[in-house]
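Open the model in your viewer and keep the selection box handy. We will go from the whole chain down to single residues, one stop at a time.

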Amino acid sequence: MIERVGTLGLHRQPESLRVRGDVLRMDAVDHRIIALLAADARASYAEIGSVVSLSAPAVKRRVDRLRATGVIKKFTAIIDPAAIGWTTEAFVELFCTNRTSPAQLRTAVRRHPEVVGAYTVSGQADALVHLRAADIAHLEQALERLRSESFVTSTRSMIVLTRLVDDPHSTPPDPPAG
């Protein structure tokens, strides 16, 4: 059974979004549908409809529109890393040669199954990589493979001790009143 949740917090988002030359108007119902799907992407249109007071076909039409305009990019499963034994995490700052592009970084980090997130960043480092591994030995192997990329000049690692926020999408905040 789906439970009621707040709407997805899209702070300072205009009520109409410009998408592919068209204006997409999003109302409070769209925001609630997005929040419900973020909490449980397997919820049926009927379940969502009962929460937002729409029929299942009306919910489907809205979800189809949100998908077509790129508001909803994909539906996915969130895997519990502990369930597969990957409980060791680290964030690694990558320092790269001057001519390393974001596209090169993206291609390289996708070769490493331990990489669960990668970002270009401001500051001294060129990129920040989030790694998950089974244990310290596995993490070290992954880090050595990452360091062997031709454009990496050095790294700085931080091992995660405690995960303070597990699922940022579990209870999306309400949007600002407006």
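Start by showing the surface of this predicted model: the accessible surface comes to about 11,600 Å², and 53% of that belongs to carbon and sulfur atoms. Of the 178 residues in the protein, 33% count as buried.

Now switch to a cartoon view. You should find five helices and six strands. Starting at the N terminus, the elements follow the order β-β-α-α-α-β-α-β-β-α-β. Among contacts between residues at least 6 apart in sequence, 67% join residues at least 24 apart.

**Stop 1: the sheet**

Select β3, β4, β5 and β6. These four strands form an open sheet in the order β4-β5-β3-β6, with antiparallel pairing. Colour residues 115-120 and 152-159 to mark the edge strands, β4 and β6, each of which pairs on one side only. From one strand to the next, the twist averages 20°.

Zoom in on β4 and β5, which are joined in the antiparallel sense by five bridges. Which residue of β5 is the bridge partner of glycine 117? Select histidine 130 and you have found the partner.

Next, add the helices to your view. α4 packs on the sheet and touches β3, β4 and β5; the direction of α4 makes about 170° with that of β4. α5 also packs on the sheet, touching β3, β5 and β6, and the direction of α5 makes about 155° with that of β6.

**Stop 2: histidine 130**

Stay with histidine 130 in strand β5. Is histidine 130 buried or exposed? Its relative accessibility is 9%, below the 20% cut-off, so histidine 130 counts as buried. Show its surroundings, leaving aside neighbours within four places in sequence, and you will see contacts including Glu89, Phe91, Val116, Gly117 and Arg163.

**Stop 3: the cores**

Select Leu94, Leu105, Val129, Leu131 and Phe151. In the largest nonpolar core, which has 17 residues, these five touch the most other members. The elements that give two or more residues to this core are β3 (88-96), α4 (102-109), β5 (127-133) and α5 (136-147). In soluble globular proteins, nonpolar side chains tend to be buried together.

Centre the view on leucine 94. Beyond its neighbours within four places in sequence, leucine 94 is in contact with several residues, among them Leu105, Ala125, Val129, Leu146 and Val152. Then select Ile34, Leu36, Val51 and Val52, which belong to a second, separate core of 13 residues.

**Stop 4: helix α2**

Select residues 45-52, which make up helix α2; its buried residues are Ile48, Gly49, Val51 and Val52. They cover an arc of only 160° around the axis, so they lie on the same side of α2. An α-helix has 3.6 residues a turn, so residues three or four places apart point the same way. Show α1 (28-39) and α3 (56-68) as well, since the buried residues of α2 pack against both. Just after α2, look for serine 53, which takes a positive phi of about 65°.

**Stop 5: threonine 97**

Finish in the loop between β3 and α4, where you will find threonine 97. With 35% relative accessibility, threonine 97 counts as partly exposed. Now pick its C-alpha atom and that of threonine 153: the two residues are 56 apart along the chain, and these atoms are separated by 6.3 Å. Leaving aside neighbours within four places in sequence, threonine 97 is in contact with Phe151 and Thr153.

Definitions and conventions:
Residues numbered from 1 in each chain as written. Predicted model: local features only at pLDDT ≥ 70, side-chain atom pairs only at ≥ 80, totals over all residues. Heavy atoms only, no water. Core = buried A, V, L, I, M, F, W, Y, C linked by side-chain atoms within 4.5 Å. Buried < 20%, exposed > 50% of the residue type's maximum accessible area, 1.4 Å probe, protein only. Contact = heavy atoms within 4.5 Å. Pairing = 2+ DSSP bridges. Axes fitted to C-alpha atoms, helices over the stretch in contact; angles between N-to-C directions. Areas by Shrake-Rupley, 256 points an atom, 1.4 Å probe, with all protein chains shown as cover. Arc of directions from axis to C-beta.
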